[in-house]
Amino acid sequence: MRMLLLRLFLSFMKIGFFSFGGLTMIPVINDEVLTYGWMTADEVMDIVAVAEMTPGSLGINCATFVGLRTAGVLGAIFASVGVMTPSLTLCMLAAHFILKLKGNQVMEHAMNGVRPVSMGMLLAVAVTLSQTTFFTGAGVQWNLIFIAAVCGILMFKTKITIPKTILLAAVLGLMIG
């Protein structure tokens, strides 16, 4: 059992290191799982389909499902921690160096450049998603614009939490469709 848990951890750590997240993980997951005979190709595709439908990262969902199927709850934990290890390691290293370089003029200038770029990227995503959500082949979706406006105003004015905002949007969607 120990060797299986270690193999799950190392396999999913490899998946975390050598894929870029999302759909790029599927071939690597497929290869690892089939190589060790943990599942059949059909079972892997079923796991990927379920992982896509459930909330959260595809990699973590697949790791959890494969680990659970292969070695129970401990397998799910080891596989999930394995797939998260590369990202967590890089984030902790980055945080360490950012804190260590706090006050450094070069670092401050770099961070001042990153902030507007990040805001621009967020705005670009919002515009792209708005175009496909609010403006469809059927015309302008005024009901969706109304729901988004109400939720946005409440989020900024009353500091309503994200789960409550999602619930509000769902209720408004059911009421005005």
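## Exercises on helix packing

**Exercise 1.** Which residues of H2 and H4 meet in this predicted model?

*Solution.* Start on the H2 side, where Met25, Ile26, Ile29 and Val33 take part. Their partners in H4 are Leu58, Gly59, Cys62, Val66 and Val83. Now sort the residues by class: the contact of H2 with H4 has eight nonpolar, one polar and no charged residues.

**Exercise 2.** Work out how H2 is oriented relative to H4: roughly parallel or oblique?

*Solution.* First, take the geometry: H2 (residues 25-35) and H4 (residues 58-100) pack at an angle of about 20°, and their axes are 11 Å apart. Next, recall that angles under 35 degrees count as roughly parallel. H2 is therefore roughly parallel to H4. To finish, add the handedness: H2 passes H4 in a right-handed crossing.

**Exercise 3.** Now try H3 against H4, and describe the angle, the handedness and the residues in contact.

*Solution.* H3 (residues 41-53) packs against H4 at an angle of about 130°, with the axes 9 Å apart. This angle makes H3 oblique to H4. The crossing in which H3 passes H4 is right-handed. From H3, the contact draws on Glu43, Ile47, Val48, Val50, Ala51 and Glu52; from H4, it draws on Leu58, Asn61, Cys62, Phe65, Val66 and Arg69. By class, the contact of H3 with H4 divides into eight nonpolar, one polar and three charged residues.

**Exercise 4.** One pair is left: how do H2 and H3 cross, and which residues make the contact?

*Solution.* The axes of H2 and H3 come within 10 Å and cross at roughly 140°. That makes H2 oblique to H3. Here the crossing is right-handed. On the H2 side, look for Ile26, Asn30, Val33 and Leu34; on the H3 side, look for Ala41, Val44, Met45 and Val48. The class count for the contact of H2 with H3 is seven nonpolar, one polar and no charged residues.

**Exercise 5.** Finally, check the length of H5 against its expected span, and find the residue that caps its N-terminal end.

*Solution.* H5 (residues 105-134) has 30 residues, so at 1.5 Å a residue it should span 44 Å. Its end C-alpha atoms are 43 Å apart, which agrees. For the cap, turn to Asn104: one of its side-chain oxygens lies 2.8 Å from the backbone nitrogen of Val106.

How values were computed: Residues numbered from 1 in each chain as written. Predicted model: local features only at pLDDT ≥ 70, side-chain atom pairs only at ≥ 80, totals over all residues. Heavy atoms only, no water. Axes fitted to C-alpha atoms, helices over the stretch in contact; angles between N-to-C directions. Helix = DSSP H or I, 4+ residues; strand = E, 2+ residues; numbered from the N terminus. Parallel < 35°, antiparallel > 145°, perpendicular 65-115°, else oblique. Left-handed = near helix turned anticlockwise from the far one by under 90°. Contact = heavy atoms within 4.5 Å. Nonpolar A, V, L, I, M, F, W, Y, C, P; charged D, E, K, R; others polar. Expected span 1.5 Å × (residues − 1). Polar contact = N/O pair within 3.5 Å; in protein donor to acceptor, adjacent residues only side chain to side chain.
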